Amino acid sequence: MAEAHPVGFQWVMEAKRRGAKVFHVDPRFTRTSAVADTYLPIRAGTDIALLGGVVRYILDNELDFREYVLAYTNAATIVSEQFADTEDGDGLFSGYDPHTDSYVQTSWQYAGHEQDSGSGHTAKERDGAAGLQHESHGAQVSGQTARDETLQHPRCVYQILRRHFARYTPEMVERVCGIPREKFLELARAWAENSGRERTGALVYSVGWTQHSVGVQYIRTGAIIQLLLGNMGRPGGGILALRGHASIQGSTDIPTLFNLLPGYLPMPHHADHPTFDDWVDSIRHPGQKGFWGNARAYAASLLKAYWGDAATPENDFCYDHLPRMTGDHGTYQQVLNMIDGKIKGYFLLGQNPAVGSAHGRAQRLGMANLDWLVVRDLFMIESATFWKNGPEVATGEIVPQECRTEVFFLPAASHVEKEGTFTQTQRLLQWREKAVEPPGDARSELWFFYHLGRRLREKLAGSAHRRDRALLDLAWDYPTHGPLAEPSAEAVLREINGYDVSTGRPLASFAEAKDDGSTAVGCWIYSGVYADGVNQAARRRSRHEQDWVAAEWGWAWPANRRTLYNRASADPQGRPWSERKKYVWWDPQAGEWTGYDVPDFERTKPPTYRPPQGASGPAALAGDDPFVMQGDGKGWLYAPSGVLDGPLPTHYEPAESPMRNPLYGQQANPTRKVYAHPVNSVNPSPPQEHSAVFPYVFTVSRLTEHHTAGAMSRTVSPLAELQPEMFVEVSPELAAEAGLTHLGWAHLISGRAVIEAKVLVTDRLTPLRVDGRVIHQLWLPYHFGYEGLVTGDSANDLFGITLDPNVLIQESKVGTCDILPGRRPTGPPLRDLVDDYRRRAGIVPGERPPTVTTRVRRPAGRSGDGPREKGADHA
């Protein structure tokens with residue numbers, strides 16, 4: 001956090017000054033480690049083993065915040081008798097289908113709801129990155145469930161949790177992660193002590209935590225710990241996702257993602273959602289609890305914002321104009337489709353895949369097979385010049401004179417050259433004014449898309465083709481200003497907020513959204529940011545003029561609420577857990593919830609409220625159901641649906657690992673998304689043969705001095721001078737083993753590429769003793785490419801394409817490689833070296849790596865066929 005998020009880290013240092021204890025877990029000793037109370041080096045890709053050990057420590061010592069856990073989580077809920085855990089299946093849950101490498105989730109459901117909850121077969125959901133659709137809410141589950149408040153029932157979630165994590169002992173943590181037992185216990189004790197009525201603790205992770213083939217389950221394990229300790233929805237608690245630079249959060253709220261619409265409404269699927277009603281019911285799940293019961297209003301208001309007068313109840317608000325998903329449309333499937341000639345043109349904005357995405361060679365070969373490519377950026381980035389300057393030109397794989405792709409480079413305005421909002425890591429919208437005019441032909445994204453849309457609509461005016469109606473019916477009437485006809489960003493914010501169609505009055509909150517076409521809302525979770533016609537995101541009231549929650553600085557979604565699920569900051573009776581942790585509470589005299597923050601609960605619903613039989617939506621939430629977006633109002637220690645690779649986190653080895661999984665016969669995530677394509681490959685891991693060809697683990701992360709793929713920082717001379725070239729950090733022990741010289745050259749080889757870097761021999765990397773052997777890890781920054789003031793090979797070239805099954809994000813924080821002293825070869829000999837390693841490793845182009853590595857027979861009475869006689873026995 002100090003390295004990659006130094007501005008936010010000032011508050012960690014302030015907390016430490018006031019007595020907080022700071023632990024840092026990282027494969028490499030960083031600026032954060034230097035000021036932490038305790039640093040724990042970890043083998044990259046083993047976080048679930050560490051966190052699972054903390055879960056076991058809490059449960060074995062009965063250190064959970066029992067009153068919170070009983071009232072606010074699903075610990076007491078009873079799970080189907082059909083469920084079989086990984087403990088029974090040697091790393092596989094019940095319902096595994098070896099033909100599709102996915103789960104049928106029926107057996108994971110709560111008892112009595114095997115057929116009316118969950119998603120059933122999940123292969124199609126994996127292609128649609130369905131886990132993203134649950135980012136702000138829970139998956140489908142029936143609201144009425146059987147519970148055992150004594151937590152003694154063998155199938156209650158609490159007991160399942162105890163059995164599942166029983167093998168994650170301190171000794172196992174040391175064996176898997178390389179973290180000494182004493183250091184692990186120090187962490188577990190300190191974390192568990194920050195619990196109860198008087199204390200809370202926070203878990204902070206960076207975006208890189210998601211970039212693993214089990215990344216979603218990393219975060220799930222952290223959430224389980226924080227729920228057990230009563231740290232969710234309470235001040236000083238929670239999980240803080242450090243979401244990169246200013247608007248990564250905003251780009252999922254109002255998404256740049258293929259499977260989401262604004263406000264986490266899922267994109268409809270062509271087969272599953274032929275009608276508006278089918279689509280809406282798949283979001284609100286009739287019969288379950290929570291505010292997604294109002295999804296029809298959110299959906300109708302969004303379509304009304306898109307298509308204005310053309311969207312009516314009679315035509316389902318132009319629902320038929322919406323595109324439909326047909327499968328995997330993610331960025332990695334797209335680049336493989338480019339290579340295969342299935343995509344003709346591409347827009348690139350705010351990204352630089354030639355060096356910033358996994359498997360850089362595939363990215364460049366894909367872009368070299370387009371008809372046209374539009375690149376909008378501040379500088380001439382690698383993704384605009386790959387056809388003449390990329391590594392494949394030297395190897396002969398791209399011939400500039402023959403490259404078919406016509407590249408259009410359009411200069412973009414930077415964030416100080418345009419107005420608008422950022423949405424940062426805590427869901428806070430902050431308005432920025434334009435500081436200076438953009439130079440030359442540089443334009444804002446708003447200008448570009450507005451005028452592109454305007455010109456396309458003019459070109460198609462008068463068209464009688466049905467295919468053109470979606471474009472022609474758009475409500476595309478934003479006011480413009482200035483000599484360049486810049487659209488009004490504030491008018492766009494007003495539309496995002498939502499308004500009454502008949503009067504134009506901006507809505508005060510999403511509660512005013514209607515399902516009859518009388519309201520238009522561009523993003524329901526942002527409703528209120530323009531309440532009363534005032535740009536709430538532009539507020540800048542000093543912290544010295546308001547309380548510590550600072551509700552008048554910017555605006556946070558939803559409803560300017562600064563802590564989600566803050567009903568949990570009060571006990572079931574609505575009283576603060578303690579005076580010290582007072583945040584939101586029930587005022588019996590006033591008959592409403594009050595406090596420092598906007599209550600994340602219906603304001604006048606008392607703690608004693610119990611829903612009538614048959615209630616659904618918000619009305620089905622009891623007065624002590626704080627997790628108001630979940631289908632049962634509870635925090636999920638166990639996920640019966642919504643997570644595609646298991647209801648509980650399980651340690652699997654990364655897709656590329658030098659060692660066998662010490663916990664289970666199943667080596668890697670059995671549901672990970674694998675692309676069997678000639679350009680893509682995965683280095684062998686045990687129990688495959690030849691894993692020793694790539695003996696070392698490499699990981700990547702950020703330098704403070706550079707930003708993402710480096711396009712904005714390698715062109716700035718002071719930053720370029722501070723970090724002028726690509727380098728690799730290795731331990732003295734690894735340097736001695738591999739014959740590397742401090743400040744000399746080395747080259748790293750994977751099954752995809754060879755890159756070179758200067759060698760930095762440092763104690764910041766510690767050889768780890770893991771399962772009886774020494775594992776060496778090396779570290780690389782990911783900021784370099786072949787354009788800019790300073791250049792270097794790209795670390796991302798080393799990675800292949802293997803994805804988390806829930807959200808289709810790539811595993812780009814851990815891989816295996818070899819490292820040799822000296823500079824890499826150039827030209828065709830570079831590919832010869834890669835091919836030699838591939839032959840030695842037994843890598844066959846287009847061959848799919850083994851998914852199942854354990855033999856499991858179907859347990860009696862269990863649902864779903866387990867894999868039989870597939871893969872290798874484990875030792």
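**Exercise 1. In this predicted model, work out how S12 and S13 pair, and place them in their sheet.**

Step 1. Take the two strands. S12 and S13 (residues 428-432) are antiparallel, with four bridges between them.

Step 2. Find a residue pair. Thr423 sits opposite Leu429 of S13.

Step 3. Widen the view to the sheet. The sheet is open and has three strands, in the order S12-S13-S18, with antiparallel pairing. Its edges are S12 (420-423) and S18 (555-556), each of which pairs on one side only.

Step 4. Set this against the record. The unreviewed UniProt entry gives "domain: Molybdopterin oxidoreductase" for residues 3-380 and 410-452. In the stretch 410-452, helix makes up 19% of the chain and strand 26%. The C-alpha atoms at the ends of that stretch are 13 Å apart.

**Exercise 2. Describe the strand pairing around S25, and state in which sense each partner runs.**

Step 1. Start with S23 (residues 727-730). S23 pairs with S25 (residues 754-761) in the parallel sense, over four bridges. Val728 has Val759 in S25 as its bridge partner.

Step 2. Turn to S24 (residues 745-749). S24 runs antiparallel to S25, and five bridges join them. Here Trp745 is bridged to Lys758 of S25.

Step 3. Look at the connection. S24 and S25 make a hairpin, with four residues between the two strands.

Step 4. Add the annotation. UniProt, again in an unreviewed entry, places "domain: Molybdopterin dinucleotide-binding" at residues 701-806. That span is 12% helix and 29% strand. Its end C-alpha atoms lie 23 Å apart.

**Exercise 3. Check the backbone at Pro558, Pro687 and Cys318.**

Step 1. Read omega for the bond from Trp557 to Pro558. The value is near -15°, and the peptide bond is cis. Pro558 belongs to the loop between S18 and S19 (584-587).

Step 2. Do likewise for Pro686 to Pro687. This peptide bond is cis, with omega near 10°. Pro687 is in the loop that runs between S21 (673-674) and S22 (696-701).

Step 3. Read phi for Cys318. Phi is near 60°, a positive value in a residue other than glycine. Cys318 is located in the loop between helix H13 (295-307) and helix H14 (331-339).

**Exercise 4. Count the cavities, then characterise the largest one.**

Step 1. Recall the approach. A probe the size of a water molecule, rolled over the atoms, shows where empty space is left.

Step 2. Apply the cut-off. There are five cavities of 30 Å³ or more.

Step 3. Size the largest cavity. Its volume is about 120 Å³.

Step 4. Identify the lining. The largest cavity has 17 lining residues. Nearest its centre are Ala655, Ala668, Arg672, Gln688 and Pro850.

Step 5. Sort the lining by class. Nine residues are nonpolar, seven are polar and one is charged.

**Exercise 5. Judge the confidence of the model, overall and over residues 857-875.**

Step 1. Begin with the whole protein. The average pLDDT is 93. A score of at least 70 is reached by 96% of the residues.

Step 2. Go to residues 857-875. There pLDDT stays under 50.

Step 3. Look at the contacts of this segment. The model gives residues 857-875 a count of 42 contacts beyond four places in sequence.

Step 4. Put the two together. Those 42 contacts belong to a segment where pLDDT stays under 50, in a protein that averages 93.

Technical notes: Residues are numbered from 1 along each chain as its sequence is written. This is a predicted model: local features need pLDDT of at least 70, side-chain atom pairs count only at pLDDT 80 or more; totals for chains, interfaces and linings use all residues. Side-chain values use heavy atoms; hydrogens and water are left out. Two strands pair if DSSP finds at least two bridges between them. pLDDT is the predictor's confidence in each residue, from 0 to 100. Contact means heavy atoms within 4.5 Å. On a 1 Å grid over the protein atoms alone, a cavity is a set of points where a 1.4 Å probe fits but cannot get out, and a pocket is an open set with protein on both sides within 12 Å along at least five of seven lines; lining residues have an atom within 4 Å of a point. Grid points are joined across faces, edges and corners, and a volume is the space filled by probe spheres set on the points. Ala, Val, Leu, Ile, Met, Phe, Trp, Tyr, Cys and Pro count as nonpolar, Asp, Glu, Lys and Arg as charged, and the others, Gly among them, as polar. UniProt positions are given in the numbering used here, feature names are shortened, and annotations may be inferred rather than shown by experiment.
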